[in-house]
Amino acid sequence: MGIRQHVDEWLAAHGETVIGWRRHFHTHPELSHQERHTTEFITTVLREHGMTPTLFPTTGLMVDIGPGVGPRIAFRADLDALPIEETAPVAFRSASPGVMHACGHDVHTAIVLALACALNTYPLTVGLRFIFQPAEEVMEGGAPDVITWGGLNNVSSIFALHTEPKLRVGKVGLRTGAITSAADIIHVHVHGPGGHTSRPQVTTDVVYALSSVVTQLPALLSRRLDPRTGTVLVFGAINAGHAPNAIPETGSVSGTIRTADIGVWRTVQPLLEELIAQIIAPTGCGFSIDYIKGVPPVVNDDVATALLADAARAIDPHALVHSPQSSGGEDFSWYLEHIAGSMARLGCWSGEGEPKDLHQADLYIDERCINVGIRLFASVVEEYSRAE
């Protein structure tokens, strides 16, 4: 019996249990670096199915199955939820006030957990590793920690998927190259002596300097970078002063810089600092910059993505669609800085009503996508085994 058939039969017997796992995760969401109950639940299930997981120092875990020699392939799930109050009308809605799985991590976790349990009883010819990663939703994310803890040791390639609520259930979105974008944060702090708005000539105008940064920096950046890199700077917060007739002494502006090009991500910080200095210089204000590196783009390897495509066609010849690049960030990218791999988009829209977006309080995921994800990853293992 092939791997795909074995997993199909396992799902026929245990599908409802897997749905129950997902609903348990959804009802009991936990924020980044706090996934203790989730870790305990996964550990218990793995041990009940005869596996010996390795716990990470904080939260999260991994488990290996199959041959103990030779390089492994890995599958990654992320465990954390978001600080959002759920409004979706489901019976298994979040029991944790102000916390919900609004990004589908409960689905990812159920898929990888089910795959491990299904394949632990199969005579594999290739070693597998299942990584249950904490803290994907924050910076610094959990992926660098997992790498430090040995999560990629003896791993040759890694795969992941992400729910896509704008893609109909049953569809799998793939893209070679960058499928997400880099996302960094920048804070610009401006200062001066302050003064009266009737005499701006005897002071330096902090508010004017901040507004110049907000209006000029994105425009200047667009003239210094290739527009095909998909680089965009957007400010989300500006703070300065309290009185309409007083120029404040300090102020700040904060925003995100996102790019689809990994080369730009690695070199854009000094360019931004140069342009900010040039913009503020004529105002006479002083300034400082806090630049917080986020994540690089997820750059899908062409060979790994081709393997995913073959795996998707094997379970449904009509499943594949081309995925557009997202401007969102994903810390799965850190794994791909070390080894080859690929991330797929997993359709989870029922086809009824308007599709929701991720990170929304009323996100509803069609649970039929869970079996699609499990079968897709099982198909990856079979295709990989054949290629060995």
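**Close-up views of a predicted model**

**View 1. The cavity.** The count comes to one cavity of 30 Å³ or more in this predicted model. The largest cavity has a volume of about 60 Å³. Its lining includes Arg 22, His 26, Glu 86 and Ala 88. Val 90, Phe 92 and His 101 also line the cavity, as do Leu 363, Tyr 364 and Ile 365. By class, six lining residues are nonpolar, two are polar and two are charged.

**View 2. The largest pocket.** About 830 Å³ of space lies in the largest pocket. The lining is made up of 31 residues. Ser 326, Gly 328, Gly 329, Leu 358 and His 359 lie nearest the centre of the pocket. The lining has 10 nonpolar, 11 polar and 10 charged residues.

**View 3. What builds the largest pocket.** Four strands each supply at least two residues of the lining: S5 (155-168), S8 (182-191), S12 (250-259) and S15 (320-322). Which element gives the largest share of the lining? Strand S5 does, with four residues. Two domains also take part, each giving at least three residues. They are domain 1 (3-180 + 298-387) and domain 2 (182-292).

**View 4. The second largest pocket.** The volume of the second largest pocket is about 160 Å³. Pro 89, Val 90 and Pro 165 belong to its lining. So do Trp 349, Ser 350, Glu 352, Glu 354, Pro 355 and Lys 356. Asp 362 and Tyr 364 complete the list. Six of these residues are nonpolar, one is polar and four are charged. Val 90 and Tyr 364 appear in this lining and also in that of the largest cavity.

**View 5. An edge-to-face pair.** Seven aromatic pairs are found in a search of the whole structure. In one of them, the ring centres of Phe 25 and Phe 41 are 5.3 Å apart. Why is this pair edge-to-face? The planes of Phe 25 and Phe 41 stand at 80 degrees, and planes over 60 degrees apart count as edge-to-face. Phe 25 sits in helix H1 (residues 3-27) and Phe 41 in helix H2 (residues 36-48). The pair links distant parts of the chain, 16 residues apart. Phe 25 has a relative accessible area of 3%, so this residue is buried.

**View 6. A tilted pair and its cluster.** Phe 75 and Phe 377 form a tilted aromatic pair. Their centres are 4.7 Å apart, with 50 degrees between the planes. Phe 75 lies in strand S3 (residues 72-78), and Phe 377 lies in helix H9 (residues 368-387). The pair therefore ties together parts that are 302 residues apart in sequence. Are Phe 75 and Phe 377 buried or exposed? Both are buried. Ring pairs link Phe 75 and Phe 377 with Phe 130 and Phe 159 into a cluster.

**View 7. Charges over rings.** Arg 168 lies over the face of Trp 349, at 5.1 Å from the ring centre. Trp 349 also helps line the second largest pocket. Lys 293 lies over the face of Trp 265, at 4.1 Å from the ring centre.

**View 8. Positive phi at Asn 154 and His 359.** Asn 154 is not a glycine, yet its phi is positive, at about 65 degrees. Asn 154 lies in the loop between helix H4 (143-148) and S5. A relative accessible area of 44% makes Asn 154 partly exposed. His 359, not a glycine either, has a positive phi of about 65 degrees. His 359 lies in the loop between strand S16 (340-349) and H9. His 359 counts as partly exposed, at 39% relative accessibility.

Notes
Residues are numbered from 1 along each chain as its sequence is written. This is a predicted model: local features need pLDDT of at least 70, side-chain atom pairs count only at pLDDT 80 or more; totals for chains, interfaces and linings use all residues. Side-chain values use heavy atoms; hydrogens and water are left out. On a 1 Å grid over the protein atoms alone, a cavity is a set of points where a 1.4 Å probe fits but cannot get out, and a pocket is an open set with protein on both sides within 12 Å along at least five of seven lines; lining residues have an atom within 4 Å of a point. Grid points are joined across faces, edges and corners, and a volume is the space filled by probe spheres set on the points. Ala, Val, Leu, Ile, Met, Phe, Trp, Tyr, Cys and Pro count as nonpolar, Asp, Glu, Lys and Arg as charged, and the others, Gly among them, as polar. Domain bounds come from an automatic or database domain assignment. Rings of Phe, Tyr and Trp (its six-membered ring) pair if their centres lie within 6.5 Å; planes under 30 degrees apart count as stacked, over 60 as edge-to-face and the rest as tilted. Buried means under 20% relative accessible area, exposed over 50%, partly exposed in between (1.4 Å probe, protein chains only). A charge sits over a ring if NZ of Lys or CZ of Arg is within 6 Å of the ring centre and within 35 degrees of the ring normal.
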